Amino acid sequence: MLETTSTITIQSGDGEIVVPCAPSDTVLRAALRAGVAFPYECGVGGCGSCRAEWLEGETHTLWESAPGLSAREKSRRRVLACQTRPLSNCRLKVRVGSNPYSAPRPRRRLLTLLERRMLTSDMAELIFQGEGPAEFEPGQYALFDLPGVDGSRAYSMSNTPNREGHWHFIVRITPQGAGSAALGRGLGSGEQAWIDAPFGLAHFQPSSARDLLCIAGGSGLAPVLSIARAAATRPIAFYFGGRTPSDLCARPMLQSHPGFGESLRYREAISSPQPNEEWRGEVGFIHELVEKDLGERVSDFEIYMAGPPPMLQAALELLVGKYSVPIQQIHYDRFF
Ligand SMILES: Cc1cc2nc3c(=O)[nH]c(=O)nc-3n(C[C@H](O)[C@H](O)[C@H](O)COP(=O)(O)OP(=O)(O)OC[C@H]3O[C@@H](n4cnc5c(N)ncnc54)[C@H](O)[C@@H]3O)c2cc1C
Ligand code: FES
């Protein structure tokens, strides 16, 4: 049980909600733990979705230069709830959802690394054991607090919820990246890492009767793979894009899942073919292949996407801008 030292009063519309806040918690984490549908997306200061108006109380800002908040917004007493740790009882204003937060509530867990294997030259799959069941919605992510790394890093689960307490991640080790190197190369078998999980709103919606269209770029594979694995018996069109052929690691991971059969259609493309490389497959950005194959039929699907911001921007322009797919049919997380 976490020690509670302060309360957060959230003013939303005409009402107020009061939630307890443990000393190490941010406003966002405390609100979600209490079941409040606080607006958010990335959990790491990048997107700005958790912006709130600060009314009173002392705070500590975890990441002063977080890109999700401009200097002008700061001067108008706006804060990012995911980067704000209350130091006293406090009050803020934000519009929260009228229904309680419906995803599993996040909590801190200690995981032990069982296995790491390289999927490509820069992408590693990590398999952890936690205590108790691994409870999350397919498509959600965990926030890692890694020794020697400032701030939390978000990594999406690539497996499905399970009673055995297995947590799988796919990490792209970025050049000069502190968190991805600490996790993807630094952590050894048997070593432990703290996570806070689960987070994320772009998770699988099993109640939709539409076929699934899954679009992933690079390390965006993890959450989309989790969703496809959870929906394995349903018709799925799965599109995966990489820069070069050696980045295309998704096919064997999909094929090794016991549930997939005739209902899965897998397509892949590379964006940066090398002159000395033999590649007979599709060349171009992955959203271009989606358009080539499906055209205006994209609006028939429930769509799940993950990947770098430029990939998601291009895919959204295609789906919403060109083919008028209702935004409620599209579920995505931007990887900041
Ligand atoms: C919802 C979500 C899901 C993601 N899922 C995956 C995944 O499944 N696989 C994957 O490989 N990547 C994923 N990412 C990207 C991942 O979280 C990291 O951004 C990426 O690994 C690069 O981190 P790095 O530490 O190596 O690089 P760095 O350059 O060290 O850091 C990059 C990011 O860390 C944060 N950051 C940097 N400095 C600070 C600081 N001082 N305080 C607080 N935060 C700071 C910022 O968000 C920054 O963009 C996801 C991102 C998001 C938002
Ligand atoms: S959720 Fe806080 S900036 Fe993205």
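Which exposed residues does the face of α3 turned away from its buried side carry? The first legend has the reply. Everything here comes from a predicted model, where local features need pLDDT of at least 70, side-chain atom pairs count only at pLDDT 80 or more, and totals for chains, interfaces and linings use all residues. Residues are numbered from 1 along each chain as its sequence is written, chains are lettered from A and ligands numbered from 1 in the order written, and side-chain values use heavy atoms, with hydrogens and water left out.

**View 1. The two sides of helix α3 (residues 178-186).** Helices (H or I, at least four residues) and strands (E, at least two) are DSSP runs, numbered from the N terminus. Gly179, Ser180, Leu183 and Gly184 are the buried residues of α3. They fall within an arc of 100 degrees seen down the axis of α3, so they line one face of the helix; the arc is that of the directions from the helix axis to the C-beta atoms. Arg185 and Gly186 are the exposed residues on the face turned away. Buried means under 20% relative accessible area, exposed over 50%, and partly exposed in between (1.4 Å probe, protein chains only). The buried residues pack against β8 (107-118), β9 (123-129), β10 (141-145), β11 (153-156) and β12 (166-172), with contact meaning heavy atoms within 4.5 Å.

**View 2. Ligand 1 and its surroundings.** Count 23 residues around ligand 1, the closest being Arg153, Ala154, Tyr155, Gly179 and Ser180; a residue qualifies if one of its heavy atoms lies within 4 Å. Oxygen atoms of the ligand pair up with polar side-chain atoms of Ser180 at 2.5 Å and Tyr155 at 2.7 Å. For Thr174, a side-chain N or O atom sits 3.1 Å from a ligand oxygen.

**View 3. Asp333, buried without a salt bridge.** This residue belongs to strand β19 (residues 330-334). Arg334 has the nearest side chain of opposite charge, 7.5 Å away; a salt bridge needs a side-chain nitrogen of Lys or Arg within 4 Å of a carboxyl oxygen of Asp or Glu. Lys and Arg count as positive, Asp and Glu as negative, while His and the chain ends are not counted. Leaving out residues up to four places away in sequence, Asp333 touches several others, including Glu41, Tyr141 and Met305.

**View 4. Backbone oddities at Pro198, Arg77 and Ser324.** Most residues other than glycine have a negative phi, and most peptide bonds are trans. Ala197 and Pro198 are joined by a cis peptide bond, omega about 0 degrees. Arg77 has a positive phi, near 60 degrees, and is partly exposed at 44% relative accessibility. Ser324 has phi near 50 degrees and is exposed at 57%.

Methods:
Polar contact = N/O pair within 3.5 Å; in protein donor to acceptor, adjacent residues only side chain to side chain.
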